[in-house]
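Thanks for asking me to look this over with you. Here are my notes, written as numbered points so that you can follow along with the structure on your screen.

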Amino acid sequence: MNVAENLEGIKNRINEACKRADRNPNEITIIAVTKYVSADRAIEALEEGVFHLGENRDEGLTHKYELIGNKAVWHFIGSLQTRKVKNVIDKITYIHSLDRLSLASEIDKRAQTPVKCFVQVNVSGEESKHGLEPEKVIPFVKDLTGFANIQVIGLMTMAPNTDNQSVIRSCFKRLKGLQKEVQQLNLASIPCSELSMGMSNDYDIAIEEGATFIRIGSSLVGNETGGV
Ligand SMILES: *Cc1c(COP(=O)(O)O)cnc(C)c1O
């Protein structure tokens, strides 16, 4: 396991996907998902120039934040219990899992400055997945305009766990379509210019379909257990 080598391979695949889609690789931010690994691995990612780190539990975030602090840009990518907002809000710049008004209200109350939020959408409809049903996205973002500290910078989804590439692709296409619908609302605090989609197994497809943030864990930093 070597983060530098993994990163080189990933960057090559990003470049290839960008060529196929006629996109500029600079539009794509890699988030190293460090939820499975120790802080050492996260620091290795920073040393390779990957400054965006993603965690999905408040304990993991807090532990690594104590060691790394603001040398990284922190993303909260997991489902977030309302009562835990206060533990993470001062550490993170991005939240990828906004999916209900009670959570928006708590973020709005606790944040000192506007938080960059992705509305998480359950495009695949799998019961195990969090996120809003696609039909609920438009009414939801309209409700979010009242919160001064919520800035909806984009939408996030997780593709279904399948080898069927066309199923994965149609999931990402649907998110892109929803993004366009949200953008057409032209709401000041809802630019919705970003798409957080693509993980280790499907980031090439996500890039071809318009991803601007890809969340990569196991194929970049590994998945040794023992990440706190
Ligand atoms: C764990 C996780 C990832 C990274 O998964 P890999 O398949 O290891 O790349 C990305 N996004 C979310 C929301 C996750 O929970």
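1. How many of the 5 residues of β1 are buried? Counting as buried any residue under 20% relative accessible area, the number is 4 of the 5, so β1 is largely enclosed by the rest of the structure. Please keep in mind as you read that this is a predicted model.

2. Let's step back for the overall picture. The protein has 9 helices and 8 strands. Its C-alpha trace spans about 45 × 40 × 30 Å along the principal axes. With 228 residues, a compact globule would have a radius of gyration near 17 Å, and the protein agrees because its own value is 17 Å. Buried residues account for 51% of the 228 residues.

3. Now come back to β1 and look at its partners. With β8, β1 runs parallel and is joined by 4 bridges. Within that pairing, A32 has I216 in β8 as its bridge partner. With β2, β1 is also parallel, here through 3 bridges. In β2, G54 is the residue that stands opposite V33. To get from β1 to β2, the chain passes through helix α2 (residues 39-47), and this β-α-β crossover is right-handed.

4. Follow the chain onward from β2. Strand β2 (residues 52-55) pairs with strand β3 (residues 73-76) in the parallel sense, over 4 bridges. You have met G54 already, opposite V33; in β3, the bridge partner of G54 is H75. Helix α3 (residues 58-68) completes a right-handed β-α-β unit with β2 and β3.

5. One more step takes you to strand β4 (residues 94-98), which pairs with β3 in the parallel sense over 2 bridges. To find this pairing on your screen, look for F76, whose bridge partner in β4 is I95.

6. Which residues lie closest to the centre of the largest pocket? This pocket has a volume of about 760 Å³. Of the 35 residues that line it, K35, Y36, M158, M199 and R215 are the closest to its centre. The elements giving two or more residues to this lining are α3, α7 (165-185) and β8 (213-216). So α3, which you saw in the β-α-β unit with β2 and β3, turns up here as well. By residue type, the lining of the largest pocket divides into 12 nonpolar, 14 polar and 9 charged.

7. The second largest pocket holds about 220 Å³ of space. It is lined by 13 residues, and those closest to its centre are K11, I14, I28, T29 and I30. Two or more lining residues come from each of α1 (3-21) and β1 (29-33). Helix α1 gives the most, with 4 residues. The lining of this second largest pocket is made up of 7 nonpolar, 5 polar and 1 charged.

8. Finally, try finding a single residue. L178 sits in helix α7, one of the elements that help line the largest pocket. Is L178 buried or exposed? Its relative accessible area is 5%, and because buried means under 20%, L178 counts as buried. If you then go 10 residues along the chain from L178, you reach A188, and the C-alpha atoms of the two are separated by 17 Å.

How values were computed
Residues numbered from 1 in each chain as written. Predicted model: local features only at pLDDT ≥ 70, side-chain atom pairs only at ≥ 80, totals over all residues. Heavy atoms only, no water. Pairing = 2+ DSSP bridges. Right-handed = clockwise from strand over helix to strand, strands pointing away. 1 Å grid on protein atoms, 1.4 Å probe; cavity = no way out; pocket = protein on both sides within 12 Å on 5 of 7 lines; lining within 4 Å. Points joined across faces, edges and corners; volume = space filled by probe spheres on them. Nonpolar A, V, L, I, M, F, W, Y, C, P; charged D, E, K, R; others polar. Rg over C-alpha atoms; globule rule 2.2 N^0.38 Å. Buried < 20%, exposed > 50% of the residue type's maximum accessible area, 1.4 Å probe, protein only.
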